Amino acid sequence: MKMKTGDLTASIPKYLSDTYAWAYGTPEAVRLFERQWLVNLILWGNFARLRDKALAALGERLSGKTLQIACVYGDLTPKLLAAHTDAGQLDVVDVLPVQVLNLRNKLGANASRVGIHLGNSAAMVYESASYDRALLFFLLHEQPEDVRRKTLSEALRVVRPGGKLVIVDYHRPHGFHPLNLPMRAVLSSLEPFALDLWAHDLAVWLPPGVPVQSIDAQTFFGGLYQLLVITR
Ligand SMILES: C[S@@+](CC[C@H](N)C(=O)[O-])C[C@H]1O[C@@H](n2cnc3c(N)ncnc32)[C@H](O)[C@@H]1O
C-alpha cells in the first residue's frame, strides 16, 4: 500500500504489515499500546531508565537538529522535545500513517514544534550530514537484516561528521539471566528478526567505508538491553 502526506510518500514495508500490524499498524493497536505502563511492562520496568539513558547520550540541552527515526509509544518524544532549546529542531520520521497521526495527537499543542514526517528509515529523503544527531530506539530488532543495514547506513548518512547516532535495543542477556529462556521464546515467536541482535554486535551491520570516530557500547539489565553511541 502507498500512502501520501504532503510531498512525502512511503510504502509500508512487507515485514511490518506481515509481522507487526498487531503492535503498530491499526488504530486499535495504537489504542492498546499507547500506555506508559504497558510499554514499561514490555521492557520489564526499564522504559524510563532506557529512555533517560538515550536522552542523556543525546545531550541535556539540545540546539541544532535531531532526528528520531521511528515513533515510540510512551513519553520518549515529548521528553526529547523538552530537551530542545528554542534554537533546536526535532524531526520524527515513521513509515506508518497511523503512527504519525498518533504522535501528532500525543504531542497536542506541541506538535507544531516537531517536524513529523512519513517516510522509510531505509530510504530517507533528508540531505546527507543535515542532522546533528539521530536516535534509533528499539527499531533495529524489528527489521530484517537487509532493512537494518539500510537503516543504519541512512542514519549515519544523515548525521553530520562529529554528530551522534544513539541506538537503544535488545542484546543477548547473560547466560544465567532468569529471562534468557522466556525472552528467547517470546522474541522467536513474536519478533522473528530480534534474535539477530542476540547473535551479533550491532556493529556488524554498519555500512563499510563510513568513517566513525568512536563507538561506545553499554548493556543494562543483565545484558538484555544495549545502548550504543556512535560518533560520526
Ligand atoms: C521504534 S519501533 C518500536 C518501539 C517500541 N517498541 C515502542 O514502544 O514503541 C516501532 C515503530 O517503528 C516504525 N517502523 C518500523 N519500520 C520502519 C521503517 N522501515 N521506517 C520507519 N519507521 C518504521 C513503526 O511504524 C513503529 O511506529
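Strands β8, residues 214-220, and β9 run antiparallel and are joined by seven bridges. This is a predicted model, so please take the details that follow in that light. Within that pairing, Q218 has L227 of β9 as its bridge partner. The two strands, β8 and β9, make a hairpin, with four residues between them. One residue in the turn, F221, has a positive phi, about 55°.

Now the other partner of β9. Strand β9, residues 225-231, also pairs with β7, residues 159-170. That pairing is antiparallel as well, over seven bridges. In it, K164 stands opposite T231 of β9.

β7 brings me to the core. The largest nonpolar core has 51 residues. Which of them touch the most other members? Those are I69, A134, F137 and A155. β7 supplies the largest share of this core, at six residues. As a general point, nonpolar side chains in soluble globular proteins tend to be buried together.

Let me take A134 as the example. Leaving aside residues up to four places away in sequence, A134 touches L67, I69, A155, V158, V159 and L165. Two of those contacts, I69 and A155, are themselves listed with A134 among the residues that touch the most other core members. V159 and L165, also touched by A134, fall within the 159-170 range of β7.

Last, the ligand. The ligand is surrounded by 20 residues. The closest are A70, V95, L96, Q99 and S121. What is the make-up of the shell by class? It has 15 nonpolar residues, three polar and two charged.

Conventions: Residues are numbered from 1 along each chain as its sequence is written. This is a predicted model: local features need pLDDT of at least 70, side-chain atom pairs count only at pLDDT 80 or more; totals for chains, interfaces and linings use all residues. Two strands pair if DSSP finds at least two bridges between them. A residue is near a molecule or strand if its C-beta atom, placed from the backbone, lies within 6 Å of it. Ala, Val, Leu, Ile, Met, Phe, Trp, Tyr, Cys and Pro count as nonpolar, Asp, Glu, Lys and Arg as charged, and the others, Gly among them, as polar. A nonpolar core is a set of buried Ala, Val, Leu, Ile, Met, Phe, Trp, Tyr and Cys residues joined through C-beta atoms within 7 Å. A residue is buried if 20 or more other C-beta atoms lie within 10 Å of its own, exposed if 12 or fewer, and partly exposed in between; C-beta atoms are placed from the backbone. Two residues are in contact if their C-beta atoms, placed from the backbone, lie within 7 Å.
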